[in-house]
2 protein chains.
Amino acid sequence: MFRPTCLCWLVSSTSGGKFRQINKSLEATEPMTSDSPQPADLVLAVLGVGLLGGSVATGAKERGLAHRVIGIGRNPERLQTAVDRGIIDEFVTDPAQANGSWDIAVVATPVDRIPDDVRAIASVSRPGAIVTDVGSVKASICAAVGDFPADGVTFVGSHPLAGSEQSGFEAARPDLFEGRVTVVANNGPATAVSRVSRFWSALGATVVQLDPKTHDEALATTSHLPHAVAAALASILQSDQRILSATGFRDTTRIAAGDPDLWVPILLSNADALDVSLDRFAESFELFRTAIRNRDASELQKLLQDAKTSRDAL
Amino acid sequence: MFRPTCLCWLVSSTSGGKFRQINKSLEATEPMTSDSPQPADLVLAVLGVGLLGGSVATGAKERGLAHRVIGIGRNPERLQTAVDRGIIDEFVTDPAQANGSWDIAVVATPVDRIPDDVRAIASVSRPGAIVTDVGSVKASICAAVGDFPADGVTFVGSHPLAGSEQSGFEAARPDLFEGRVTVVANNGPATAVSRVSRFWSALGATVVQLDPKTHDEALATTSHLPHAVAAALASILQSDQRILSATGFRDTTRIAAGDPDLWVPILLSNADALDVSLDRFAESFELFRTAIRNRDASELQKLLQDAKTSRDAL
């Protein structure tokens, strides 16, 4: 059992105006300190300008959260296109070139690259800056990043539960986080955790503060296990059966279309918790298989009803 | 390997006009006989005016396929409401009351009631009439219905791959079958199979003719197995993890919200084929579980890539 600290700022899912009003009331209850610039003064760096990084960038610009957004990446042609499309204001291919002028840096690279990228950008950040990430696992990332602050730079892990099978900043949307949950790891300094929480909240997200291990155990069941299950199901479809797959099969296997290059590191970074979830699913599946094998209508009815009750509660 | 006879009448997904044109060309290549009334002269009976039966009724009326649609059911208040809403033209609660005046009768009751209902309505149909159904399994229904024709009445099994978690005629839509596959069992008399195929095609469906056993084996994998898998997954979600379930979990478990009263008979009516599919899934899932347990990145990459290739082909 965990008891999430849920900062449910009843943000309207459509109204930018409403967001501002709510943000103002937040500021009233949690006054910014001198090292917490007002949103409009904030400089934001985004390392990895893809779907998530691009959505953070364009969301922050559209909502007036940052007056300058610096994209950091490896491919200058791609980054120039992101500038041309107004997703970022400028770019560098080497974090050291940007003089560490950001207040918040968001690392939005694949899970297996996040720890190195966090350390790299932290090493060139100005004192007082905060580094966060968007990785789907938290305990292994926090452990790999290691001790902070270095020179007054703080790391707080984040995980916005948003995304899609699409990738690249072409799919980025300023409202990607609107009404979606973002987990902020609560194992950092309280002030930094609060600032990072307010940042995601200002992007429209519902913020849930959790310790990294609890996050990983929950996500093993809600995200990583379903990915393995959907993939195992998609794998056994024979080509001549495709025409007989309707919306049920398509929905159940949708996430199996995700990029293996992204998902292998996610699943293996959370393998300890995922092992437990895989075993729990195997036991649950075995109950259904046994009931069907035994042609046991009353047991199957009970199992399906329990499943329906659980699903209907979402 | 099966080779479906796919009657892909490039029906526009929106244009009723286009449908008529294509239907006319079909009539030109397959002239109606004297006992095959022109669509506008057809009398249609629908036994079970729920989501599927109601959609057949309102679709046939809206497209001018039938000049009279008789609803048959048990609850006169509900049936009167369906008349008031224009879904059916009239109703009876006892098939014998309607003088067997229909040309085609569609049985759209739950799977475990279909065989009895088919025999009941066939026994009061006029000679030359055709009875079909919408059941999600075909071999057990065809076997339970038994020998036809009786007094010149013919049964041809159907399965439109359309539906939703919703139920009742309130959710019925005239375009429910538009662009969706409907399987027509090809084990009946060729003329009747052809007439039933044309009926579904005229409702906008892409018709695939298959033998009942091949249908059931395919649907075990594409529909019945995913239902058990989605339910097994939904069952293990803990209540405090709900807030951390995003679209991935929701899509993967969506069908687990289906009505157990409908799904127990479906799964158990196809239990022989489903046993095989459950075993195949268990083997596939075990490959993923083993790769994750062994932290075997290259094997996991291969498995996820195979799954993605299969899913992307849909």
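This note goes through a predicted model of two chains, A and B, point by point.

1. Relation of the two copies. Chain A can be superposed on chain B by a turn of 180° combined with a shift of 0.0 Å along the axis, and the RMSD of that superposition is 0.0 Å. This is the relation of a two-fold axis. Within chain A, the C-alpha nearest the axis belongs to Thr252(A), and its distance from the axis is 2.0 Å.

2. Extent and composition of the interface. The contact between the chains draws 75 residues from chain A and 74 residues from chain B. On the side of chain A that touches chain B, the elements that supply two or more residues are helix 7 (212-235), helix 8 (247-253), helix 9 (260-269), helix 10 (271-293) and helix 11 (297-312) of chain A. Helix 7 of chain A gives the largest share of this side, with 15 residues. Sorted by class, the side of chain A that touches chain B holds 46 nonpolar, 14 polar and 15 charged residues. Because 99% of the interface residues of chain A are also interface residues in chain B, the copies meet through the same surface.

3. Domains of chain A. The domain assignment divides chain A into domain 1 (5-210) and domain 2 (215-312). Contact between them involves 14 residues of domain 1 of chain A and 12 residues of domain 2 of chain A. On the side of domain 1 of chain A that touches domain 2 of chain A, helix 5 (139-145) and strand 9 (181-185) of chain A each provide at least two residues. That side of domain 1 of chain A is made up of seven nonpolar, four polar and three charged residues.

4. Strand 10 of chain A. This strand, residues 206-210 of chain A, is mostly covered, since five of its five residues count as buried. The cover extends to both faces, with Thr206(A), Val208(A) and Leu210(A) buried on one side and Val207(A) and Gln209(A) buried on the other. Strand 10 of chain A runs parallel to strand 9 of chain A and is joined to strand 9 by five bridges, and within this pairing Val181(A) stands opposite Thr206(A). Between the two strands the chain passes through helix 6 (residues 190-202) of chain A, and the resulting β-α-β crossover from strand 9 to strand 10 is right-handed.

5. Strand 5 of chain B. In strand 5 (residues 104-107) of chain B, Ile104(B) and Val106(B) point one way while Ala105(B) and Val107(B) point the other way, and all are buried. Strand 5 of chain B pairs with strand 2 (residues 43-47) of chain B in parallel through four bridges, with Ala45(B) standing opposite Ala105(B). Strand 5 of chain B also pairs with strand 6 of chain B, again in the parallel sense and over four bridges, and there Asp133(B) in strand 6 is the bridge partner of Val107(B). Together with helix 4 (residues 114-123) of chain B, strands 5 and 6 of chain B form a right-handed β-α-β unit.

6. Ser136(B). This residue lies in the loop that links strand 6 (130-133) to helix 5 (139-145) of chain B. Why does Ser136(B) count as buried? It does so because 27 C-beta neighbours lie inside 10 Å of Ser136(B), where 20 or more are required. Setting aside neighbours within four places in sequence, the contacts of Ser136(B) are with Val111(B), His159(B), Leu219(B), Ser223(B) and Ile266(B). In addition, the C-alpha atom of Ser136(B) is separated by 9.8 Å from that of Pro265(B), which is 129 residues away along the chain.

7. Arg295 in both chains. The backbone of Arg295(A) deserves a check, with phi near 50°, a positive value in a residue other than glycine. Arg295(A) sits in the loop between helix 10 and helix 11 of chain A, and it is classed as partly exposed because 13 other C-beta atoms lie within 10 Å. In chain B, phi of Arg295(B) is likewise positive and near 50°. Arg295(B) is found in the loop between helix 10 (271-293) and helix 11 (297-312) of chain B, and with 13 other C-beta atoms within 10 Å, Arg295(B) is partly exposed.

Conventions. Residues numbered from 1 in each chain as written. Chains lettered and ligands numbered in written order. Predicted model: local features only at pLDDT ≥ 70, side-chain atom pairs only at ≥ 80, totals over all residues. Buried ≥ 20, exposed ≤ 12 C-beta atoms within 10 Å, placed from the backbone. Contact = placed C-beta atoms within 7 Å. Least-squares fit on C-alpha atoms with pLDDT ≥ 70 in both. Domains from an automatic or database assignment. Nonpolar A, V, L, I, M, F, W, Y, C, P; charged D, E, K, R; others polar. Pairing = 2+ DSSP bridges. Right-handed = clockwise from strand over helix to strand, strands pointing away.
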